[in-house]
Amino acid sequence: MDYVNLGRSGLKISRIAMGCMSFGTPAWAPWVLDKEASAPILKKAVEHGINFFDMADMYSNGVGEEVVAEILKPLVPRHKLVLATKLYNPMSADPNDRGLSRKHIFEAVDASLKRLGTDYIDLYQLHRFDYETPLEETLDALNDVVRSGKVRYLGASSMHAWQFMKALGLQRQHGWAQFVSMQPHYNLIYREEEREMIPLCRSEGVGVIPWSPLARGLLAGRATGGDSASTVRAQTDKTANALYDRSKAQDDAVIAAVKKVAERHDKPMAQIAYAWVATRAGISAPIVGISKLHQFEDALGALEIRLSDEDVAEMESPYSAKNIAGHI
């Protein structure tokens with residue numbers, strides 16, 4: 001496994017980031033793996049040298065953080081792990097148990113620390129932008145959790161580029177701890193982040209760790225909706241249905257192009273789609289979701305693939321502009 005700096009920070013992360021949304025309890029979603037089923041996958045990730053594990057407090061309503069921490073703790077010394085988690089989404093019906101207020105940030109970070117069984121979080125990320133809380137309040141509170149030693153680095157996820165730049169500017173103005181990473185929605189079917197967010201991150205030295213690099217399995221050639229060949233997640237994942245309109249012919253053209261390039265390389269489509277994301281300018285590491293051991297072959301194999309200019313052009317050419325999806 002190769003390791004890279006997360007943006008201009010000194011934090012070293014594996015070229016593959018382990019997305020942990022699938023670990024926790026199936027009571028939250030039918031496709032989520034319980035602790036027993038999650039253990040072999042997380043153990044294999046460690047064996048392959050993956051050190052970056054991306055979570056969120058909302059995953060399985062907190063159980064996800066507990067499961068990941070319980071499995072990793074006996075496998076790897078804490079200082080060798082990069083544990084990342086996120087906050088913003090509701091954790092209960094309480095009106096203050098959500099969002100990015102000072103109150104919720106302080107309570108959420110302590111709750112995540114308790115579930116993770118650690119005294120610090122390596123990368124603490126905003127899951128979404130909070131339109132109901134002053135940005136200055138959020139950033140001031142985040143600076144406090146960093147200065148307190150509870151958090152090492154700060155990151156953000158899907159939002160408009162102007163919002164992210166405003167946040168960076170306020171952090172610099174006040175001398176607050178700055179964001180070192182952005183986690184955008186980005187893959188061959190959805191490339192709107194290339195217009196502003198990724199160029200912004202490259203200019204400002206912010207690491208980019210994209211989510212959904214396979215477009216919820218579409219770029220791996222997996223069926224969706226009610227198709228008998230689709231997975232349980234594909235059939236029940238409401239987010240996937242909201243993100244990808246399967247009636248769009250240009251998406252089918254992109255998928256067909258990925259298939260053609262995969263056949264030329266004699267590799268699975270997933271490897272090609274991962275390879276494309278991993279090698280785009282400014283990308284630190286794609287966040288991969290793995291629920292079956294054989295899927296490691298695609299994620300790790302992608303790091304060895306060398307796409308030609310012809311390959312890239314063939315897969316990119318069918319793309320056309322999309323509506324914003326992932327944070328609207």
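The following paragraphs describe the sheet, the nonpolar cores and one buried loop residue of this predicted model.

The sheet is open and consists of eight strands in the order β9-β8-β7-β6-β5-β4-β3-β10, with parallel pairing. Its edges are formed by β9 (207-208) and β10 (287-289); each has a single partner strand, so one side of each is left without a neighbour in the sheet. Strand β3 (residues 17-19) is joined to β10 by three bridges, and the two run parallel. Within this pair, Ala17 stands opposite Ile287 of β10.

In soluble globular proteins, nonpolar side chains tend to be buried together. Here the largest nonpolar core comprises 95 residues, of which Met18, Phe53, Phe164 and Phe179 touch the most other members. Helix α10 (residues 269-278) supplies the largest share of this core, with nine residues. A second core, separate from the other, has 12 residues, including Ala17, Val82, Leu123 and Val180. Not counting residues up to four places away in sequence, the contacts of Met18 include Phe23, Ile41, Phe52 and Phe53, as well as Ile287, Val288 and Ile290.

Asp130 is located in the loop between β6 (121-126) and α4 (135-147). Its relative accessibility is 9%, and therefore Asp130 counts as buried. Beyond four places in sequence, Asp130 touches Tyr88, Gly99, Leu100 and Ser101. Gly99 is 31 residues from Asp130 in sequence, yet their C-alpha atoms are 6.0 Å apart. The side chain of Asp130 also reaches the backbone nitrogen of Glu132 at 2.8 Å, and a polar contact of 2.7 Å links the side chains of Asp130 and Thr133.

Methods
Residues numbered from 1 in each chain as written. Predicted model: local features only at pLDDT ≥ 70, side-chain atom pairs only at ≥ 80, totals over all residues. Heavy atoms only, no water. Core = buried A, V, L, I, M, F, W, Y, C linked by side-chain atoms within 4.5 Å. Buried < 20%, exposed > 50% of the residue type's maximum accessible area, 1.4 Å probe, protein only. Helix = DSSP H or I, 4+ residues; strand = E, 2+ residues; numbered from the N terminus. Contact = heavy atoms within 4.5 Å. Pairing = 2+ DSSP bridges. Polar contact = N/O pair within 3.5 Å; in protein donor to acceptor, adjacent residues only side chain to side chain.
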